[in-house]
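Visitor: Could you take me through a close look at a single part of this structure, slowly enough for someone in a first year of study? I would like to hear where a residue sits, how covered it is, and what lies around it.

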Amino acid sequence: LRMYSLILYTYLAPSRVCEGVGVFSLVDIPKDTCIFTPNKTQYVLWNDVDTRLRGRLETLTYCDAEGFWIDSDLDKLSPQYYINHSHEPNVSYNKDTGKLYAIKDIPKDVELTDYYFPGGRDWHT
């Protein structure tokens with residue numbers, strides 16, 4: 001029997017840093033807390049998805065000419081896909097594990113933000 005621990009740290013609401021959706025802290029989140037752990041990451045070929053979806057998927061995922069990587073089901077994107085850019089972020093991804101961590105204490109009802117490097121800032125806008 002496998003036991004799961006469900007801790008909800010976030011909710012979605014209108015962003016305060018851009019025109020769109022943002023991710024906000026549901027509770028106080030201490031520094032170094034793992035907020036999101038990815039499900040299985042998969043590589044999907046562009047040929048396997050409806051061509052009408054490509055533009056949007058390119059804005060939400062790491063992608064290349066042949067396809068894209070995603071760590072959630074295509075019919076329901078995980079909340080971390082709505083984390084917006086900031087020059088003073090409060091979260092960061094561990095590139096090796098795909099986990100998202102608080103890099104400072106985040107009070108309740110504060111928007112979670114990550115730093116997008118210059119080549120990736122137009123993804124989510």
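Guide: What follows is a close look at one loop residue, with two other residues added afterwards for company. Please keep in mind throughout that this is a predicted model.

The residue to find is S86, which belongs to the loop running between β7 (84-85) and β8 (91-93). Is S86 buried or exposed? Its relative accessible area is 16%, and because buried means under 20% relative accessible area, S86 counts as buried. Turning to its surroundings, the side chain of S86 reaches the backbone nitrogen of E88, at 2.9 Å. If residues up to four places away in sequence are not counted, S86 touches T113, D114 and Y115.

For another setting, look at E58, which is found in helix α1, made of residues 54-60. Its relative accessibility is 31%, so E58 is described as partly exposed. Once the neighbours within four places in sequence are left aside, E58 is in contact with W46 and C63, while its C-alpha atom is separated by 7.7 Å from that of F68, a residue ten places apart from E58 along the chain.

Finally, strand β4, residues 42-45, holds Y43, which at 34% relative accessibility also counts as partly exposed. Y43 joins L45, Y62 and W69 in forming a nonpolar patch on the surface, and together these residues have about 400 Å² of accessible area.

Technical notes: Residues numbered from 1 in each chain as written. Predicted model: local features only at pLDDT ≥ 70, side-chain atom pairs only at ≥ 80, totals over all residues. Heavy atoms only, no water. Patch = residues over 30% accessible without salt bridge, like charges linked within 9 Å, V, L, I, M, F, W, Y side chains within 5 Å. Areas by Shrake-Rupley, 256 points an atom, 1.4 Å probe, with all protein chains shown as cover. Salt bridge = Lys/Arg side-chain N within 4 Å of Asp/Glu carboxyl O. Helix = DSSP H or I, 4+ residues; strand = E, 2+ residues; numbered from the N terminus. Buried < 20%, exposed > 50% of the residue type's maximum accessible area, 1.4 Å probe, protein only. Polar contact = N/O pair within 3.5 Å; in protein donor to acceptor, adjacent residues only side chain to side chain. Contact = heavy atoms within 4.5 Å.
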